[in-house]
Structure formats: structure tokens, C-alpha cells
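Biologist: Could you take a close look at one part of this model for me, the place where the two chains meet, and then say what you can about the annotated binding site? I would like a connected account rather than a list.

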There are 2 protein chains.
Amino acid sequence: MSKPAIVLLSGGLDSTTTLAIAKDQGFAPYVLSFRYGQRHSVELTAAQRVAEHQGVERHIIADIDLRVFGGSALTDDIEVLKGRTEAEMNEGIPSSYVPARNTIFLSFALAYAEVTGARDIFTGVTAVDYSGYPDCRPEYLAAYETMANLATKSAVEGESPIKVHAPLLRLSKADIIRTGTRLGVDYSLTSSCYDPDDEGRACGQCDTCVLRLKGFTEAGVPDPVRYQGVSA
Amino acid sequence: MSKPAIVLLSGGLDSTTTLAIAKDQGFAPYVLSFRYGQRHSVELTAAQRVAEHQGVERHIIADIDLRVFGGSALTDDIEVLKGRTEAEMNEGIPSSYVPARNTIFLSFALAYAEVTGARDIFTGVTAVDYSGYPDCRPEYLAAYETMANLATKSAVEGESPIKVHAPLLRLSKADIIRTGTRLGVDYSLTSSCYDPDDEGRACGQCDTCVLRLKGFTEAGVPDPVRYQGVSA
């Protein structure tokens with residue numbers, strides 16, 4: 001029987017690839033997504049499509065209202081920046097940074113792990129292409145794992161330790177796409193854009209679209225999602 | 001001007017005392033409570049009464065659905081145990097343990113700290129009277145603080161570190177009540193019971209009622225909340 005693992009899935013390119021990696025490593029995925037007041041709720045639809053397509057044990061969408069704090073372009077009405085170069089993206093903390101988001105998401109994953117008996121948590125964070133987020137750094141993930149192993153019931157009852165897997169951490173976007181393509185990921189099901197239109201078509205100009213398109217170009221694979229102003 | 005601090009407030013005895021301590025130390029409290037599917041939602045009413053009575057900068061109630069995971073007497077339909085001795089309470093993990101609850105609550109506090117610019121987070125966890133919860137241990141809180149300082153924007157921008165204050169950590173229930181009484185806490189506004197009746201009267205027999213009543217007895221102070229079957 002496969003070991004259970006919790007996989008955080010946003011429906012974007014990175015977490016979709018991470019789910020495929022967890023499955024490839026023989027884990028039975030319990031998938032967790034969040035409805036957190038994100039402006040681009042189209043990603044939840046993508047998460048559902050991806051989970052169904054890859055086949056998972058269970059997919060939970062947890063409601064958490066991060067809008068209650070404000071403070072980010074992803075949950076507020078702050079304008080998403082477009083047409084920025086990578087150099088500009090890497091100056092300081094991006095406006096799309098949601099305070100403590102990864103910490104909150106991992107904490108829910110930890111709760112889910114305790115309930116399912118999973119000892120393994122997979123996150124799609126990556127530190128290569130886009131290093132502006134403090135909670136995507138390897139030292140952060142290591143500290144999270146240490147904390148998690150003190151936080152939980154299992155810590156007291158002497159089970160094997162919780163492991164936080166971040167298999168994309170040191171991969172470029174192109175390498176992520178190559179890995180996922182090798183594992184049979186259908187990237188047409190994913191959604192990465194911060195500002196999709198009503199039909200779910202990507203803007204092609206926000207930071208995440210720019211990095212995604214560059215990744216596909218470098219990987220030598222066409223990006224199968226639809227972009228605004230580009231006929232299908 | 002007072003320094004801002006985030007204070008986690010459930011409306012129970014411990015967190016209410018913690019809020020008074022934060023104020024006494026000169027902090028301007030930004031108070032955070034959760035609607036998390038708890039069976040005893042009467043505690044949120046208590047939290048609102050307490051916040052209003054003590055005077056706070058702001059009180060946010062965040063919606064997070066922990067019921068989505070199941071797995072605890074506080075969020076499920078599992079029966080709350082009554083009439084247990086302290087020895088019985090301290091055997092293993094109590095059924096009222098909510099998986100990763102403190103980790104989730106502290107993570108929201110961390111997000112709120114980032115948004116308000118607070119560097120201080122107060123939690124009412126205590127490790128003396130009731131040691132069954134893994135996420136109430138000092139080593140857990142220390143690991144949380146380390147993680148928090150790697151997680152956040154401020155970590156990158158070089159601000160002063162986040163500090164997690166747990167002023168009750170080594171106090172007995174009686175000492176907590178003595179401290180709060182000295183600081184003018186009105187304990188009639190609090191609610192601790194896991195199984196209050198429709199009028200909000202405490203059961204007097206669940207673990208938290210037993211510990212609360214013993215604490216008041218030891219402190220030599222009458223417990224001003226109403227108990228079921230006791231005329232006012």
C-alpha cells in the first residue's frame with residue numbers, strides 16, 4: 001500500500017508538477033487547496049481539474065480568509081504589475097507577496113497530515129527563478145520542518161518525523177517543465193496568471209506569466225494554456 | 001506611542017489574562033480570534049466582550065474551517081469527556097487536541113504582525129497544568145519563533161526579530177488567576193467550558209472546567225462565571 005502524503009496544490013505549474021513528482025515517488029496524495037480570497041479564483045478550478053486528471057486519494061479545499069488582513073496584490077485591489085523584467089522582479093519583495101502565506105498553508109498541511117497519518121508534505125515552492133519571497137528559502141523550509149516535528153502529536157508519541165519535501169526548490173522553471181513533461185503532466189490544465197480574464201485566459205504580462213513563458217521557451221516545449229489576444 | 005503587538009484571544013481565562021499582561025507591558029494590542037468550527041462558539045462572544053472591556057486597537061475574527069479535517073472533540077461530534085481527574089487528563093494526548101491548532105493560529109498571528117508592523121505576538125499557552133498538548137511546550141514555541149524569523153518579509157529587510165511571548169507558560173492556573181486579578185481582569189466575561197449550555201453556562205465537569213475551578217479555589221478567588229445547575 002502506498003504511503004500517504006499531503007500535497008499542496010494551487011493549480012499552477014509548480015504545484016501541479018510537484019503532485020506528479022509525489023505520485024512518481026510512490027506516495028498516495030491527499031491534496032490540499034485553499035480558497036483564501038485570491039483575486040484569481042480561476043486557479044481553484046485548475047486545481048480541481050489537475051487533481052482529477054492525475055488521480056488523488058482525496059482533494060480538500062479549505063476556506064481561509066486572508067483578506068481579513070489585507071496587505072497583498074493577490075488578495076487586495078492593488079494593481080498587478082505587468083511587463084516587468086526579471087531584474088525588476090527580483091528587486092525587493094514583490095507586491096504579490098501574501099504575508100505568511102506559505103507558513104499558513106504548511107500549517108494546514110500539517111493538520112491534514114496529523115489527521116491522515118501522513119509523515120510527508122509536498123510543497124511546490126521554488127527559490128531559483130523568483131527569489132523575492134522570504135518563505136521560499138531552503139533555510140525557512142528546514143526551520144519549518146524542525147518546528148513541525150515539535151508541534152505535533154506524533155512528536156510526543158514517537159512516530160517517524162514529518163518531512164517537508166520541496167522537490168522544485170533548486171530547479172529552474174525550464175527544468176520544472178522538463179520534469180513534468182517527462183512525468184506526463186498536462187500543463188493545459190494549469191493556471192498560473194495573476195490576472196486572467198473572464199474566460200480564464202492568461203494575461204501573458206504579469207510576473208508569473210513572464211516566468212512561465214520564458215520557462216516553456218527554454219524547455220523547448222509550447223505552453224498549452226490560452227493567452228489573451230492570441231487566437232487558439 | 002505604544003508598540004503594536006498581536007494577541008491571540010479565545011475568550012477563555014488564559015488568553016484573557018495574556019491580553020491584560022500585554023497591555024500592562026505597554027503594548028497596543030491588535031487582537032485576533034478565530035471562527036474555526038469550534039463547538040463552543042460561545043467563546044467568540046466572550047472574546048468580543050473581553051476585547052471591548054479591556055480596550056484594544058483592533059479585534060479581528062478570522063474565519064478558518066478546521067472542520068474540513070475532522071479529528072478533534074472541539075471540531076467534531078466526538079463526546080467531550082467529563083469528570084476526569086488531573087491524572088487521567090495528563091495521560092497521553094487529550095481528545096480535545098486540535099491537530100496543529102496552535103501552529104495555525106500562530107501563523108495567522110504572523111500574517112497579522114506583518115501587516116500591522118508588529119514584532120511581538122502574545123499567546124496564552126501554558127505548559128504547567130495541562131501538558132498533553134505538544135504545541136504548548138517551550139521547545140515548540142522556540143522553534144516557532146526561529147521559523148517565523150525566516151518566514152517573513154522583515155527577515156529579508158533586516159527589521160528587529162519577531163518575538164513570541166507566552167507569559168503564562170510556566171504559571172499554574174492559580175498563578176494565572178492571581179496575576180489577572182491583580183491586573184483588574186474581569187473573569188466574569190470569560191468562557192472556558194468545552195460544553196456550555198444554550199445560555200452559555202459552563203458544565204463544570206469537562207477538563208477545562210475542572211482545571212479552572214481548581215485554579216480559582218487555589219487562588220482563593222470565587223469564579224464569577226455561571227455554572228449549570230448552580231443558581232446565581
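Modeller: What follows goes from the contact between the chains to a pair of helices within that contact, and then to the annotated cysteines. Please keep in mind throughout that this is a predicted model.

The contact between the chains takes 38 residues from chain A and 38 residues from chain B. On the side of chain B that touches chain A, at least two residues each are supplied by β3 (58–63), α4 (101–116), α5 and α6 (153–157) of chain B, and the largest share, 9 residues, comes from α4(B). Sorted by class, that side of chain B has 25 nonpolar, 6 polar and 7 charged residues.

Helix α5, residues 138–151 in chain A and likewise residues 138–151 in chain B, deserves a separate description, since the axes of α5(A) and α5(B) come within 8 Å and cross at roughly 160°. Angles over 145 degrees count as roughly antiparallel, and α5(A) and α5(B) are therefore roughly antiparallel to each other. The crossing in which α5(A) passes α5(B) is left-handed. From α5(A) the contact is made by A:Glu139, A:Tyr140, A:Ala143, A:Tyr144, A:Thr146, A:Met147, A:Leu150 and A:Ala151, while α5(B) brings B:Glu139, B:Tyr140, B:Ala143, B:Tyr144, B:Thr146, B:Met147, B:Leu150 and B:Ala151. By class, this contact of α5(A) with α5(B) has 12 nonpolar, 2 polar and 2 charged residues.

Turning to the annotated site, the unreviewed UniProt entry carries a "binding site" annotation that covers A:Cys193, A:Cys203, A:Cys206 and A:Cys209. These four cysteines span 17 residues in sequence, yet no two of their C-alpha atoms are more than 7.1 Å apart, so they gather at one spot. A:Cys203 has its place in the loop of chain A between α7 (173–182) and α8 (207–219), and A:Cys206 is also found in the loop between α7 and α8 of chain A. As for their surroundings, A:Cys203 is partly exposed, with 19 other C-beta atoms within 10 Å, whereas A:Cys206 is buried, with 23 other C-beta atoms within 10 Å; the cut-off matters here, because a residue counts as buried if 20 or more other C-beta atoms lie within 10 Å of its own. Leaving aside neighbours within four places in sequence, A:Cys203 is in contact with A:Lys82, A:Cys193, A:Asp195, A:Pro196, A:Cys209 and A:Gln228, and among these partners A:Cys193 and A:Cys209 are themselves covered by the annotation.

Terms used: Residues numbered from 1 in each chain as written. Chains lettered and ligands numbered in written order. Predicted model: local features only at pLDDT ≥ 70, side-chain atom pairs only at ≥ 80, totals over all residues. UniProt positions renumbered as here; feature names shortened; annotations may be inferred. Helix = DSSP H or I, 4+ residues; strand = E, 2+ residues; numbered from the N terminus. Buried ≥ 20, exposed ≤ 12 C-beta atoms within 10 Å, placed from the backbone. Contact = placed C-beta atoms within 7 Å. Axes fitted to C-alpha atoms, helices over the stretch in contact; angles between N-to-C directions. Parallel < 35°, antiparallel > 145°, perpendicular 65-115°, else oblique. Left-handed = near helix turned anticlockwise from the far one by under 90°. Nonpolar A, V, L, I, M, F, W, Y, C, P; charged D, E, K, R; others polar.
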